[in-house]
Number of protein chains: 2
Amino acid sequence: MKKDISTEEKIKQAASKVFVKKGLAGARMQEIADEAGINKAMLHYYYRSKDKLFHSIFMEVVKEFTPKIIGVLNADLPLQKKIERYVEEYIGMLKNDPAIPLFIFNEMKNNPKEFIEKVGIVESGVLDKLNDQLIEEKRVGNIRFISVHEFMINLVSLCVFPFLAKPMFQGIFNASDDEFYKFMEMRKKSIPVFMMAAIS
Amino acid sequence: MKKDISTEEKIKQAASKVFVKKGLAGARMQEIADEAGINKAMLHYYYRSKDKLFHSIFMEVVKEFTPKIIGVLNADLPLQKKIERYVEEYIGMLKNDPAIPLFIFNEMKNNPKEFIEKVGIVESGVLDKLNDQLIEEKRVGNIRFISVHEFMINLVSLCVFPFLAKPMFQGIFNASDDEFYKFMEMRKKSIPVFMMAAIS
DNA sequence: GTCTATAAAGGGATAGAC
DNA sequence: GTCTATCCCTTTATAGAC
């Protein structure tokens, strides 16, 4: 931990690291304090309880993570380019933080209501532009019909699932981290091909 | 809890339910005891520790779950039928136990080595038959080339990911359990279509 | 704001009666 | 085998000095 950043920032970084790795129930305040290079009492001084600290971190992670996921969807790009950029960015981001999806899905499962209330619906309009685009491409005969929901869940599935299954994947194929990331690098190319073929 | 089953069986059922829901770190021995309708001491009488109980349950869940996943792969079926049956069975199974994938991926992340040692590699031959089939279909021109690894991870992604993301999905689209399962029922049809188009 | 020391609660594990 | 009572370590949280 660098000395030139504020204590609160040190706590945030440390807590984020430990919570993402261990989850709420598995994390220890002592471990977070150690990771931050401070002592436990400071954690309670800045955030009154473990729950509050967790909640704060969780929101921060989610809010940093979700906008990146939907940004490209509204870009003014032809469908194929949009898919390519989306996959490229999404997988690139996950290579830096491979544990985030499992973290989010877990804690969302443990507390679905709060999540929805606090993070709020990703405004229901985000898929509108993409929806129009799919309809238009279908009209001119470039693709067959597919609902925007199915399209999105398939696209996200193909990008994210391997990261969720990373330990199993590496176990079964006896693959190192390097090999796994090389595989995902390949998928930046193969997923768009797969997607385009699937809807053409 | 029924009275006509053995205590050990009651413990297994209760522990399985609680561990799958809460994970190892989040589960409480007291909660398992309550769920089983017995007291904590009995848990230690049958399984010396929480870790041992968890380990036993985890192995049981994995061993019951994985064979079903690979069974169809070696069936003697044309590719399309094989995909259809696979998707049908996999999604059908997950509708009964939607929390299993997250449970397995979580605890595998927490202890990847042990998992590999104990569960063992899903023998490296399981994909051979499917691999041959993909090569043959490519040779006769029915499909384009796709490695058996990509094929499998894509197929599994499309089936499993929605269950991992279930809470988020339901939150974003404000969907009830019924609606979610209806959506997955549709996917039993749409995934095979999507897959076949993607590789043709 | 930051520390040490300690309280208070939680939760896994065991002893011992029946 | 099953229970109650209890031990005792772990972990969260607070008090109080500096």
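A polar contact is a pair of N or O atoms within 3.5 Å, where, within protein, one atom must be able to donate a hydrogen and the other to accept it. The exercises below use this term for a predicted model.

**Exercise 1. Describe the interface of chain A and chain B by its contacts, its buried area and its polar pairs.**

Step 1. Begin with the residues that touch: 45 residues of chain A are in contact with 46 residues of chain B.

Step 2. Turn next to the area. The size of an interface is often given as the accessible area lost when the parts come together. For chain A and chain B the buried area is about 4,000 Å², and carbon and sulfur atoms account for 76% of it. On the side of chain A, the residues A:F105, A:F161 and A:F194 supply 17% of the area buried against chain B, which is more than any other three residues supply.

Step 3. Finish with the polar terms. The rule finds nine residue pairs in polar contact across the interface of chain A and chain B, with both residues at pLDDT 80 or more, and the count of salt bridges between the two chains is two. One of these joins the side chains of A:E150 and B:R187, with an N to O distance of 3.0 Å.

**Exercise 2. Determine how the two copies are related, and whether they meet through the same surface or through different ones.**

Step 1. Superpose the chains: a turn of 180° with a shift of 0.0 Å along the axis lays chain A on chain B with an RMSD of 0.1 Å. The two copies are thus related as by a two-fold rotation axis.

Step 2. Locate the axis with respect to the chain. Among the residues of chain A, A:A198 comes closest to the rotation axis, its C-alpha lying at 1.9 Å.

Step 3. Compare the interface residues. Because 100% of those in chain A are also interface residues in chain B, the copies meet through the same surface.

**Exercise 3. Characterise the contact between domain 1 and domain 2 of chain A.**

Step 1. Take the bounds from the domain assignment of chain A, which gives domain 1 as 1–48 and domain 2 as 62–199. The C-alpha centres of these two domains of chain A lie 30 Å apart.

Step 2. Examine the contact, to which domain 1 of chain A and domain 2 of chain A each contribute four residues. The area buried between them is about 300 Å², with 75% of it given by carbon and sulfur atoms. Of the area that domain 1 of chain A buries against domain 2 of chain A, 89% comes from A:F19, A:V20 and A:L24, more than from any other three residues.

Step 3. Count the polar terms: between the two domains of chain A there are zero salt bridges and one residue pair in polar contact, both residues being at pLDDT 80 or more.

**Exercise 4. Explain why B:C159 forms no bond with the closest cysteine sulfur.**

Step 1. Search the whole structure, which yields zero disulfides over all chains.

Step 2. Check the distance. The closest cysteine sulfur to that of B:C159 belongs to A:C159 and is 17 Å away, too far for a bond, since a disulfide requires sulfur atoms within 2.5 Å.

Step 3. Consider the surroundings: A:C159 counts as buried, at 0% relative accessibility, and B:C159 likewise counts as buried at 0%.

Conventions: Residues numbered from 1 in each chain as written. Chains lettered and ligands numbered in written order. Predicted model: local features only at pLDDT ≥ 70, side-chain atom pairs only at ≥ 80, totals over all residues. Heavy atoms only, no water. Buried < 20%, exposed > 50% of the residue type's maximum accessible area, 1.4 Å probe, protein only. Least-squares fit on C-alpha atoms with pLDDT ≥ 70 in both. Contact = heavy atoms within 4.5 Å. Domains from an automatic or database assignment. Buried area = accessible area lost by both parts, 1.4 Å probe. Salt bridge = Lys/Arg side-chain N within 4 Å of Asp/Glu carboxyl O. Polar contact = N/O pair within 3.5 Å; in protein donor to acceptor, adjacent residues only side chain to side chain.
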